Amino acid sequence: MSKIIYGLRIQVRGIVQGVGFRPFIYNLALEYNLKGWVKNNSTGVEIEVNGDQASLNSFARNIETKAPPLAKINHIHIEPVSPNGYTTFEILTSTSNEGEFVPVSPDISVCEDCLKEFNDPLDRRYHYPFLNCTNCGPRFTIIKDIPYDRPLTSMAGFKMCQDCAAEYNDPVNRRFHAQPIACPDCGPRIWIEGAKSRSTHTTNTSTGYIISTVQKEFRLGSIIAIKGLGGFHLACDATNPQAVQTLRLRKKRDEKPFALMMPDLDTVIEHCYITDTDKNLLGSPEKPIVILRKRPGSNIVAEVAPGQETLGVMLPYTPLHYLLFTDFPEFNGMTSCRILVMTSGNISDEPITYENQEAKERLADIADVFLMHDRPIHIKCDDSVARTVRINTSKTSPTDNTVVLTRRARGYTPVPLDLPWVSRQILAVGAELKNTVCLTRNEFAFTSQFIGDLQNYETYESFLKTIDQFEKLYRINPELLACDLHPDYLSTRYAIERAESTGRPVIQVQHHHAHIASVMAENGIRPDTPVIGLAFDGTGYGDDGNIWGGEILIARYQGYLRSFHLDYFPLPGGDYAIKNPSRTALALLWKEGIDWLPDLPCTKVYCAEDLMQIKSQLVHQINTPLTSSMGRLFDAIASLIGVRQKVNYEAQAAIELEAICDPIEKATYEFEFTNETINLALMVKNIVEDYLIGAPVSRIAAKFHNTIIRVLSHVVDKLAGEYGIKTVALSGGVFQNIKLLEGLLSEFQDRDYNVLFHQKFPTNDGGVSLGQAAVAHHQSVGSLE
Ligand SMILES: [Zn+2]
Ligand SMILES: [Zn+2]
């Protein structure tokens, strides 16, 4: 007796395109002997199946439990339909519906299966720089529109050869509908070009010859511009001081650290201390740059990361990178360099270069040689930066580490965040530094990749382009704009102008409120839930027009109460003081009524006349904006005890202050707090005394960190008692300080607080756009009711 046949229509939403979902469904249907079809549409993957009840049930259940590794399912909608008499199971042509959208997969590093082929001399893709499959390779950086199909990617110009087409059309093949599928016969190619007068240009197109030429250049100390997945890198031998110095000089980058690429984990272990969490992170499909502590005795030149005890290291993530570390004895008998500087292909703070012609122009004075390819990059995307944080409390095991992102880009963007509410269509334009933008629709928040510092014209252009690309890709037509309160941010001006010209409302969100809303949204906090928010960073425009940055807020998405802040101190010269922490230190001493003793490092850098002038500036309040910034306090303390008097990049003084901390020191300084302000006078006095009696600066630095942790614990306890709130939210650039973050996590978790901190989004201003979108949604919804 034949069983009764039923039908199901299934719609799957989430990251389900470009990740091998349709072949997975195809094979699953065959397994249960179901008939029907599967196809991509503009909202995800649509399936119709006919079969007996038991098989249909198992099939539906397995969609979620057995989904391919890169898929991320947000929602499955299943409805019964009448059976249609299908006799086969097929994969149908994609359809697109007007106005619909589907989340796009990020770029994924080359997978194990592909690497096996890459290393197999008998495989037709042996040493092919662009091999990929449905489980790996480019996605986000090559997509022009949805649905994600080859004609709508930057692979459209490459016509598949017969062999590739056969794999592409074979439902059981690993490359079935792998949109960037390619091979040496039909896919992209690499070549090498010399810059300026160099005659490296060659007609020899063999991969081995090209790569061994590049390796020879590395050995000679040359700077090579290498086109990668989301843009160009500038690379050189990280063990050659001359090469690293030349790169710094040409790139106009004084001391900001360079990222490194090493061929394998063994090499990383040789040069850095790594935990199991670091190991997993380095080898994860996202392959971010991981911040690791450097081993003494490493031969990596100090100029790679001056003044730091850490290195940013990544492993190869494209086949082309693996080639850089492959030896080709038949061409030059030279072994490849094992450690390469791999820094973004740009000058100073400009955005990463990603087009061939653009690279040859903009990088002409930096690179000696260009390693090019002809697969266009449609969306530029920098490397992501991550590090692991120890969560070391009495309630967790010491191995309970977690990963935090300081720059969210390749490998992570554009994975959307699931919001615990259904959002209006909003464009939030972020802050001025480390800018990202965030677009929301339905239950999704799409935060862009790291864009950069908007003061720069090229970065502003890429800000505009990113907004355009995201709105198009996700079919978002913002009904509401959100921006910072700072009137001079370029992003604020953009939002206000666009709101005016389109007749849409714009909501200006206070910077630190946005920070706290961001960490709340990331952690799935529901509307109307209040938290105690610790928002600490360098600079944010306050409600009172002062420069905020050491704020403790009782916050919800809708609004906030500023319950505590660091006592204001003046910044003589504003931005000039930010670049010269000694001025901030002097101002702090002046404010607290402490003499500018000649033995203090911050006093020593000035002649008597300069000191007179700074004092007069403070007394007469000439360009001395007030700040409550925690970042500036760290600068001032670093200067007070002689760690650094001038900074070459953001947070340099604070980073060096953290680096010298004596981990054994557990003592704290005295402190006071009044109703609304945390008073620093006692602590600053004690620090000066300690310094003058010759206490080691490593101990002073540690005691300062301990004090901040202690102060915050006290304030939070007080607020928790008053408001009955047991959730503490940490956000802002200062939490990139791992000593501070780890210290606070263990304090709060030991005392049973629910602690929210950033893991998927940066704690610095890269997370602000998400918070702006969350606040704008709830404030606008509130005003509608
Ligand atoms: Zn693969
Ligand atoms: Zn081919």
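In the predicted model, Cys 133 and Cys 136 are both buried. These two residues belong to the site of the zinc ion (ligand 1), whose protein donors are the SG atoms of Cys 111, Cys 114, Cys 133 and Cys 136. The donors lie 2.2 to 2.3 Å from the ion, and the angles among the four donor atoms range from 103 to 117°. The site of ligand 1 is accordingly classed as tetrahedral. Along the chain, the donors of this zinc ion follow the spacing C-x2-C-x18-C-x2-C.

A further zinc ion (ligand 2) is bound by the SG atoms of Cys 161, Cys 164, Cys 183 and Cys 186, at distances of 2.2 to 2.3 Å. The arrangement around ligand 2 is tetrahedral because its four donor atoms subtend angles of 105 to 115°. The spacing of these donors in the sequence is C-x2-C-x18-C-x2-C. Cys 161 is located in the loop between helix H3 (112-118) and helix H4 (162-168), whereas Cys 183 is located in the loop between H4 and strand E6 (190-194); the pair therefore ties together parts that are 22 residues apart in sequence. Both residues of this pair fall under the 20% limit for burial: Cys 161 has a relative accessibility of 16% and so counts as buried, and Cys 183, at 1%, also counts as buried.

Apart from the zinc sites, the model contains an open sheet of five strands, arranged in the order E4-E1-E3-E2-E5 with mixed pairing. The edges of the sheet are formed by strand E4 (72-81) and strand E5 (89-91). Each of these edge strands has a single partner strand, so one side of each is left without a neighbour in the sheet. From one strand to the next, the twist averages 15°.

At the E5 edge, the partner is strand E2 (residues 35-41), which runs parallel to E5 and is joined to it by three bridges. Within this part of the sheet, Gly 36 stands opposite Phe 89 of E5. Helix H1 (residues 21-31) lies across strand E1 (6-15), E2, strand E3 (44-51), E4 and E5. With respect to E5, the helix runs at about 175°.

Note on methods: Residues are numbered from 1 along each chain as its sequence is written. Chains are lettered from A and ligands numbered from 1 in the order in which they are written. This is a predicted model: local features need pLDDT of at least 70, side-chain atom pairs count only at pLDDT 80 or more; totals for chains, interfaces and linings use all residues. Side-chain values use heavy atoms; hydrogens and water are left out. Donors are N, O and S atoms within 2.8 Å of the metal (3.2 Å for Na, K and Ca); water is not among the atoms, so sites may look incomplete. Four donors count as tetrahedral if all angles lie between 85 and 135 degrees; four count as square planar and six as octahedral if opposite donors are over 155 degrees apart and all others between 65 and 115; anything else is irregular. Helices (H or I, at least four residues) and strands (E, at least two) are DSSP runs, numbered from the N terminus. Buried means under 20% relative accessible area, exposed over 50%, partly exposed in between (1.4 Å probe, protein chains only). Two strands pair if DSSP finds at least two bridges between them. Axes are lines fitted to C-alpha atoms, for helices over the stretch in contact, and angles run from 0 to 180 degrees between N-to-C directions. Contact means heavy atoms within 4.5 Å.
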